[in-house]
Each structure stands twice: as C-alpha cells, then as structure tokens.
Amino acid sequence: MTTLADLLTTSRAFEYRTAVVDALKAAFPEIEVKALPARLDIADLDRKDMFSPPSFGVAIARIRPAEDRMSGLRDVPVEIVVYVVVEDRLVGEPPRLAYRDELGLALCDAVLALVETPAARWGLSEIGMPQDAEARPILNVMTEDRGTAYFAVTWWQVLYAQGQPFMDMESPVPLDAMGRAILPGDPDWVPPAAGGMP
C-alpha cells in the first residue's frame, strides 16, 4: 500500500519548482519571485497583495505521463510556467519611464535566455534540459489606480529516475554471472543438427 509519505518521498515536482524559484531569485535580484500552488487564477488578479510588480510567479502547469523503466523508476516530463507581472515604472539612472509591455517583453526574453543555458538544470541531478520554451502575453488589467500586464514563460523538462526501484537495474552485473553469446562464425560455433532448431 502506498502512503502519502511514500508519495512525497518519490515525487520530485515540488523539489523542481523550488529549485527554479531559487535560481530565478539569484538571477534577478530586483524581481520578487514566489512559488504558486497552481496556475494563476483570474480571481487572483483582484488581490492587490498577490504580486508586487515587477514579479515572477512560478507554478507547475502540467505533469505528462511518465515513461516507465524496467527497474520501476519513472522518467516524468513536467511543464513549468513563470508568470511575469509588470506595471509601468521608472528604471535606470537617470530614471526613464518603462511601459509595462516593454518591461514584460524584456523580462520574458531574459528568462528564456536563462532557460537556454546549462544553469537550467537548476542545481538538480537526473534532469534533462528544457524543451519547447516560449513566452507569450496573457492579460492586461486596467483599474482606476493601476495597469498591470501578465506574461507567461513556459517549458518542460524530464525528471529522470523518479520513484523507488523494485529491482536493482543500476549495479553492474557480476563478472562471474556473465554468459557468452556464441554466434555464427565464432570458433566455438556448432551448427544445429539437420532438422533441428536454426
């Protein structure tokens, strides 16, 4: 019987999201970065304390069916989304006004550039490089006192060897356990008897 504790031990999606959040905080110290429990919901946009633009919200968007190994381990493709939240603001010295669409596109480009580097393994082992990375605008929200734009940067990565193996397929086979295949043309090859198995 699988327990909740077992599931928490074997799943790596939470660890993956945490690693991406930590990497984005280190790469973009001027940006507020927070983990989100799920995709952004339209109701979240009414909460003025949800984001302090410019900010990133990081969520697992999708977990695809795994490819199972003979050992019982699973290679799990996981899709992640980084929400880029921006407002018009002054930047630089001397300060100039950067409009939210200009700032949002620049931040999307910067996240995509990071995703294309070897650092995009996020300090984890048993993980593939990002695939199908893309950025797109998703929403522009205007209220009486603010205008906020939302973008989404998405990609997926395979988390290799997830779970607990039910057989040891990783250790080398002992030398004394190895057999030798004798193929046609080998000195020890004996052709099958007439009428026998080929």
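Confidence varies along this predicted model: helix H2 (residues 13–27) has the highest mean pLDDT among the elements of the protein chain, at 97, while strand S3 (residues 67–68) has the lowest, at 70. For the protein chain as a whole, the mean pLDDT is 83, and 72% of the residues reach 70 or more.

**A buried glutamine**

Let's go inside next. Gln157 sits in strand S8, which covers residues 147–162. Is Gln157 buried or exposed? Its relative accessibility is 0%, and because buried means under 20%, Gln157 counts as buried. What does the side chain of Gln157 reach at 2.8 Å? The partner is the backbone oxygen of Gly128. The Gln157 side chain also makes a polar contact of 3.0 Å with the side chain of Trp155. Leaving aside residues up to four places away in sequence, Gln157 touches a list of residues including Tyr16, Val76, Pro77, Val78, Ala120 and Trp122. Ile127, Gly128, Met129 and Pro130 are also among the residues that Gln157 touches.

**A nonpolar patch on the surface**

For a look at the outside, turn to Leu90, Leu97 and Tyr99, which make a nonpolar surface patch of about 320 Å². Tyr99 belongs to the loop between strand S6 (96–98) and helix H3 (100–115). With 48% relative accessibility, Tyr99 counts as partly exposed, because exposed would mean over 50%.

**Backbone points worth a look**

Most residues other than glycine have a negative phi, and most peptide bonds are trans. The residues below are worth finding in the structure with that in mind.

| Site | Backbone feature | Value |
|---|---|---|
| Pro53 to Pro54 | cis peptide bond | omega near 0° |
| Glu93 to Pro94 | cis peptide bond | omega about 0° |
| Glu126 | positive phi | near 55° |
| Asp132 | positive phi | about 55° |

Where do these residues lie? Pro54 is in the loop between strand S1 (32–35) and strand S2 (55–63). Pro94 is in the loop between strand S5 (89–91) and S6. Glu126 is in the loop between H3 and strand S7 (131–142), whereas Asp132 is in strand S7 itself.

Are Glu126 and Asp132 buried or exposed? Glu126 has a relative accessible area of 44% and is partly exposed. Asp132, with a relative accessible area of 57%, is exposed, because the cut-off for exposed is over 50%.

Conventions
Residues are numbered from 1 along each chain as its sequence is written. This is a predicted model: local features need pLDDT of at least 70, side-chain atom pairs count only at pLDDT 80 or more; totals for chains, interfaces and linings use all residues. Side-chain values use heavy atoms; hydrogens and water are left out. Patches are made of residues with over 30% relative accessible area and no salt bridge: like charges are joined within 9 Å, nonpolar side chains (Val, Leu, Ile, Met, Phe, Trp, Tyr) within 5 Å. Accessible areas come from the Shrake-Rupley method with a 1.4 Å probe; for residues, only the protein chains shown count as cover. A salt bridge is a side-chain nitrogen of Lys or Arg within 4 Å of a carboxyl oxygen of Asp or Glu. Helices (H or I, at least four residues) and strands (E, at least two) are DSSP runs, numbered from the N terminus. Buried means under 20% relative accessible area, exposed over 50%, partly exposed in between (1.4 Å probe, protein chains only). pLDDT is the predictor's confidence in each residue, from 0 to 100. A polar contact is a pair of N or O atoms within 3.5 Å; within protein, one must be able to donate a hydrogen and the other to accept it, and residues adjacent in sequence count only if both atoms are side-chain atoms. Contact means heavy atoms within 4.5 Å.
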